[in-house]
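Biologist: Could you take me on a close look at one salt-bridged corner of this model, and then show me how other side chains pair up or hold ligands?

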Amino acid sequence: MTHPTNLRIAGDRLLWRLETLARIGDTGDGGCRRLALSDEDRQGRDLLVSWMRELGLDVRVDRIGNIVGIMAGETDGPAVMLGSHIDTVATGGRYDGALGVLAGLEVVAALKEAGIAPRRQIAVIAFTNEEGARFQPDMMGSCVWTGALSVNQVSATRDREGLGLADELKRIGYAGEAEPGFLEAHAYLELHIEQGPILDAEGGGIAAVVGVQAITWLEFALSGEANHAGTTPMSYRRDAGYAAARIIAFARGLTREIDGQVANAGEIAFEPGNVNVVPRRAVLTIDIRNPDDSRLAEAERRLRAFAEAIAAEEKVGLAIRELARFPAVRFDERLAASIESAARMLDLPVRRMVSGAGHDAQLMARVAPSVMIFVPSVKGLSHNPAEYTAPHDLIAGANVLLAAVLAAADG
Ligand code: HGY
Ligand code: MN
Ligand code: MN
């Protein structure tokens, strides 16, 4: 089936969908907060399901809450799948994840409104808990969809308040019946904002994303001894807080010594957390990433060794818990080439790039040829309410997605 190369998505309606979803969990500063399985996430899910139904899609929810909207094709074999996530971090923006899911809806709408029945069925999927901000690991829904984790393995996860994932999924009404991975993918394509500064610094354009860097998240729990901050001689102290601070500084030091290394200490909590008490307990998280698996393994090994050494020096207990671990991933070369030709067909500058952020596509690459499309993030800002991508870039990205999906759906 040939299709018109002048087919385009309805840009205004995509922008309207993005603004409408952004009002759910609106933080009043331009950003959104829809933590996974929160009431705001439920409202976002309900809105997405209503839009999928309006488009006449067959809507299915699986046992981990992944939402799938399916457009029938001429055949009912493996589907071309496109999507992303609609959960956000606590200081989320309007586009991270939402763009990929809502552009997917617009791709389907464009085909339906043009009366095009693609050879392959097309499915839009919103994965549960991509961010991992409340429940770890991140990319949880796509891990379960692709069999990297089972529903049972993640069901016992608890958030910092002690609320269980399985209970929360049931509470918001998205503990579905469908078996995760019930739909075989012929290909998976994900449109996403870059969340970094490269495209913006180059004056815009599109990136055909050829891979994602490796990611490891670790939690360090240090247990020392509460004591008086004034009377206790320094040599008597077993200061969990000080040991935590040294671990954070060491992680930063690794980024100066290991090529391509990045590190972040995103969470830290002291007990009892009083100004005049030596902390008896400190819990912190470290996020380390590297495009090269072996260099990330070296960083992790050195970080663990340092934590053991400083804990012994400060005479504090240490427990290290792995929260997430994802190897570096390469995406499908043919799909990357199709993104480049779609961008050129639309007269858009295009370049290749490896993603610094984690994405569901890196899990989907385990089960099907996968690729991502990036559009610019102004000043590279993301996971920040000021996250911004210009309307023409949002629409251009969605049109590249449409062209690439059509090629995959017929190919
Ligand atoms: O952490 C990440 O890279 C993604 O935003 N979950
Ligand atoms: Mn994302
Ligand atoms: Mn994110």
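Modeller: Happily! In this predicted model, glutamate 333 and arginine 352 meet through their side chains in a salt bridge, at 2.8 Å from N to O; the term means a side-chain nitrogen of Lys or Arg within 4 Å of a carboxyl oxygen of Asp or Glu. The pair links distant parts of the chain, with glutamate 333 in helix H10 (residues 333-345) and arginine 352 in strand S14 (residues 350-355), 19 residues apart. Helices (H or I, at least four residues) and strands (E, at least two) are DSSP runs, numbered from the N terminus.

Glutamate 333 is partly exposed, with a relative accessible area of 46%, and arginine 352 counts as partly exposed at 30%. Here buried means under 20% relative accessible area, exposed over 50%, and partly exposed in between (1.4 Å probe, protein chains only).

Arginine 352 also forms a salt bridge with glutamate 340, 2.9 Å from N to O. Since arginine 352 sits in strand S14 and glutamate 340 in helix H10, this pair ties together parts twelve residues apart in sequence. Glutamate 340 counts as buried, at 12% relative accessibility. Elsewhere, salt bridges that share partners join Asp39, Arg134, Asp159, Glu168 and Arg171 into one network.

For contrast, look at a pair within one helix: glutamate 298 forms a salt bridge with arginine 302, their closest N and O atoms being 2.9 Å apart. These residues lie in helix H9 (residues 293-313), four residues apart, about one turn of the helix. Across the whole structure, a search finds 27 salt bridges.

Acidic side chains also serve the metals. The manganese ion (ligand 2) has His85 (NE2), Asp96 (OD) and His192 (NE2) as its protein donors, 2.1 to 2.3 Å away. Donors are N, O and S atoms within 2.8 Å of the metal (3.2 Å for Na, K and Ca), and sites may look incomplete because water is not among the atoms. The manganese ion (ligand 3) lies 3.5 Å from the manganese ion (ligand 2), and aspartate 96 coordinates both. Histidine 85 and aspartate 96 are buried, and so is glutamate 131, at 8%.

A note on conventions: residues are numbered from 1 along each chain as its sequence is written, while chains are lettered from A and ligands numbered from 1 in the order in which they are written. Local features need pLDDT of at least 70, side-chain atom pairs count only at pLDDT 80 or more, and totals for chains, interfaces and linings use all residues, while side-chain values use heavy atoms, leaving out hydrogens and water.
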